Number of protein chains: 2
Amino acid sequence: MAAKTSTTPRSDRFPFELVRPELERVEASIRDQVRAFDSAVEPYVSYVCNTSGKRIRPALSILSGGATGGVTDDHLKVGVILELIHMATLVHDDIIDGASTRRMVPTANAKWGAGLSVLLGDALFSHALSLATDFNSIDICRKVGQAAREVCQGEIIQTQRRFDLTLTKAEYFRVLEMKTGALFASATGLAAHLSGASADTEQRLFNYGMKLGTAYQIYDDCLDLVGSEDVVGKTLRTDLEKGKLTLPILNLLETSNEAQRSKLTKRIVNQEPLDLPVLVGIAEYEGALESALDTAQEMLGSCREDLSVLAPSDHADALEQITWFLGALLEKCRR
Amino acid sequence: MAAKTSTTPRSDRFPFELVRPELERVEASIRDQVRAFDSAVEPYVSYVCNTSGKRIRPALSILSGGATGGVTDDHLKVGVILELIHMATLVHDDIIDGASTRRMVPTANAKWGAGLSVLLGDALFSHALSLATDFNSIDICRKVGQAAREVCQGEIIQTQRRFDLTLTKAEYFRVLEMKTGALFASATGLAAHLSGASADTEQRLFNYGMKLGTAYQIYDDCLDLVGSEDVVGKTLRTDLEKGKLTLPILNLLETSNEAQRSKLTKRIVNQEPLDLPVLVGIAEYEGALESALDTAQEMLGSCREDLSVLAPSDHADALEQITWFLGALLEKCRR
């Protein structure tokens with residue numbers, strides 16, 4: 001399959017480079033959001049809005065706007081809204097995980113405790129949904145609201161199914177679609193909608209975002225198992241300790257015999273002994289890691305097919321480039 | 001002042017009785033909301049949606065609808081949306097306060113921990129804002145979104161200003177307006193909006209809700225100081241332990257001399273010795289409690305003036321009746 005064999009990006013240029021000026025405006029706009037809050041709340045919002053992020057969702061909406069007729073302020077704005085929802089979920093995730101740092105700086109949870117962080121996430125969240133009403137389009141409010149609901153539900157299911165070895169792969173994919181796919185797909189789909197693209201183009205771009213988000217999350221899951229902390233710059237090997245079942249582990253469980261399953265259960269559920277390098281070694285030996293990476297590469301191939309509806313443009317190229325870029329990262333996880 | 005002297009409700013009938021059938025439909029609709037969630041999330045939402053509540057916000061929107069032309073399904077729906085936002089904030093409040101029971105049943109926090117409760121509140125919240133898009137009115141989405149934002153900001157300021165004796169009375173009132181007034185005012189104001197009432201009537205009903213919510217919160221604050229747990233049915237005297245400054249205490253601080261202020265600071269900030277019955281006795285002796293109750297009664301009088309724009313009706317009467325009912329409760333706090 002072409003999608004699995006050609007995994008070299010066709011260019012070394014990072015695909016977001018094309019829209020760097022627009023991303024800088026997004027960054028300024030995110031910082032500007034503090035002004036919409038009561039002065040007593042400003043410092044908290046400001047702290048969160050000034051921490052850096054990859055801004056993947058705004059980049060996707062801008063690139064999709066450019067690929068469907070041209071980037072407008074509306075594409076930047078929808079990117080800001082989706083990024084604020086994402087930021088709200090990060091603030092809340094950090095409470096749930098008891099995380100003390102994110103991207104090298106103390107989390108809101110570490111700085112002000114869980115109580116204030118719960119409320120800060122809520123404030124960002126409700127602000128984002130208020131901001132969506134600026135479009136004067138009930139359709140856009142509805143789509144943003146639904147995406148936010150999906151993200152929340154995905155997080156609930158993920159939290160609830162920790163240490164649950166009956167989790168099926170279908171359920172795992174559904175969680176990834178909800179918690180990461182929904183916002184990626186909103187970024188690409190809404191951008192097409194704002195450009196006045198055809199229903200088919202909007203749907204194809206929505207599908208592209210959904211699969212890209214899912215593949216990205218599979219990459220993140222694999223990275224947690226096999227990545228190098230020095231290179232990645234964040235704490236790894238935490239998923240299994242928290243009982244989070246990822247695709248390589250689900251693949252391993254699927255192909256295990258009864259005795260093996262019992263051993264895995266003991267290691268994962270009772271964490272005795274949870275020797276992660278050994279478990280990763282087994283997952284790799286059994287092809288479970290490889291199979292997870294293959295699944296993600298297939299999704300990226302399918303993303304590229306979705307892009308075939310777009311007229312040729314630098315922005316459409318960059319959207320394709322993202323899939324090659326992520327594909328190359330996936331390949332680095334192969335042992 | 002008439003508002004302060006005539007404090008007897010003109011009827012013994014509880015003012016929500018008039019709309020009991022509609023409130024039963026609201027109750028059923030709240031229970032029905034679980035169907036909108038992924039099956040894995042349903043049990044959590046169901047638990048929260050099946051716990052009882054006073055349903056003040058839906059009652060206000062239904063009564064205001066009836067008082068501005070007639071109750072429609074839209075008035076019930078906006079009541080459900082505002083109640084869901086309120087429920088989301090209660091779920092989050094219980095995390096912040098570490099509360100184990102609410103209305104006699106275990107809180108979500110006690111049942112499933114803070115992590116899941118954070119997400120459950122988020123899911124209710126995003127669902128409510130999604131539901132608002134059903135009206136196909138950007139105006140309604142905007143007003144609901146802004147109210148939600150106000151509530152979150154009010155809660156942040158309240159949390160942030162705990163144990164802060166520099167809190168002014170103006171700031172205290174602003175917090176009450178944000179955390180309780182905003183949703184009450186949305187219930188009454190949006191109901192008038194949905195009835196197609198004039199801008200003036202909508203504004204007057206909005207003002208009625210804002211002051212009613214503020215007076216209600218002052219009552220709640222006084223009750224925490226002087227209420228009887230047997231009668232009220234919930235744990236009292238917790239505000240000061242949590243550093244929450246209420247109107248009687250702010251009144252007391254305002255009239256205190258330097259030596260008294262230093263004593264109060266020691267008791268409130270360092271909690272040494274925090275003998276609450278003594279503190280309440282002092283607040284009462286100095287007239288600080290009475291003054292807080294007077295303030296709330298004045299607000300209720302002003303609420304009644306706002307209602308003067310309404311044509312006579314049973315529903316308009318019931319809205320007025322609420323102010324007398326709350327007024328009578330306030331009087332019970334006088335020693």
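Two residues are in contact here if their C-beta atoms, placed from the backbone, lie within 7 Å. With that in hand, His75(B) touches Ser61(B), Ile62(B), Gly65(B), Ala191(B) and Leu194(B), leaving out residues up to four places away in sequence. This is a predicted model, where local features need pLDDT of at least 70, side-chain atom pairs count only at pLDDT 80 or more, and totals for chains, interfaces and linings use all residues. Residues are numbered from 1 along each chain as its sequence is written, while chains are lettered from A and ligands numbered from 1 in the order in which they are written.

**Around His75(B) and Pro58(B)**

Let's stay with His75(B) for a moment. His75(B) sits in helix 5 (residues 73–97) of chain B; helices (H or I, at least four residues) and strands (E, at least two) are DSSP runs, numbered from the N terminus. A residue counts as buried if 20 or more other C-beta atoms lie within 10 Å of its own, exposed if 12 or fewer, and partly exposed in between, with C-beta atoms placed from the backbone. His75(B) has 28 other C-beta atoms within 10 Å, so it is buried. One of its contacts, Leu194(B), lies 119 residues away in sequence, yet the two C-alpha atoms are 7.1 Å apart.

Pro58(B) belongs to helix 4 (residues 56–67) of chain B. Pro58(B) is buried too, with 30 C-beta neighbours inside 10 Å. Beyond four places in sequence, Pro58(B) is in contact with Leu23(B), Val26(B), Leu76(B), Gly79(B), Val80(B) and Glu83(B). The pairing with Gly79(B) brings the C-alpha atoms to 3.7 Å, with the two positions 21 residues apart in sequence.

**Two helices of chain B**

Here are helix 5 and helix 9 of chain B side by side. The expected span is 1.5 Å times one less than the number of residues.

| Helix of chain B | Residues in helix | End-to-end C-alpha distance | Expected span | Buried residues |
|---|---|---|---|---|
| Helix 5 | 25 residues | 36 Å | 36 Å | 21 of 25 residues |
| Helix 9 (199–226) | 28 residues | 40 Å | 40 Å | 22 of 28 residues |

Helix 9 of chain B is largely enclosed by the rest of the structure, because 22 of its 28 residues are buried. Helix 5 of chain B is mostly covered, and just after it Gly98(B) takes a positive phi of about 60 degrees.

**Chain A overall**

Chain A has 15 helices and two strands. Its radius of gyration is 20 Å, close to the 20 Å that the globule rule gives for 335 residues, so chain A is as compact as a globular protein of that length. That radius is taken over C-alpha atoms, and the globule rule is 2.2 Å times the number of residues to the power 0.38. Along the principal axes, the C-alpha atoms of chain A fill a box of roughly 60 × 50 × 35 Å. Of the 335 residues of chain A, 51% count as buried. Among contacts in chain A between residues at least 6 apart in sequence, 72% join residues at least 24 apart.

Two loop residues of chain A have an unusual backbone for non-glycines to discuss together. Arg103(A), not a glycine, has a positive phi of about 45 degrees; it is in the loop between strand 1 (101–102) and strand 2 (105–106) and is exposed, with 12 other C-beta atoms within 10 Å. Phe163(A) has a phi near 60 degrees, lies in the loop between helix 7 and helix 8 (169–194) of chain A, and is partly exposed, with 15 other C-beta atoms within 10 Å.

**How the chains meet**

The contact takes 37 residues from chain A and 37 residues from chain B. On the chain A side, helix 5 (73–97), helix 6 (108–131) and helix 7 (138–160) each supply at least two residues, and helix 7 gives the largest share, 14 residues. The copies meet through the same surface, because 100% of the interface residues of chain A are also interface residues in chain B.

Chain A can be laid on chain B with an RMSD of 0.0 Å by a turn of 180 degrees and a shift of 0.0 Å along the axis. The two copies are thus related as by a two-fold rotation axis. The C-alpha in chain A nearest that axis is that of Ile138(A), 2.8 Å from it. The superposition is by least squares on the C-alpha atoms of residues with pLDDT of at least 70 in both copies.
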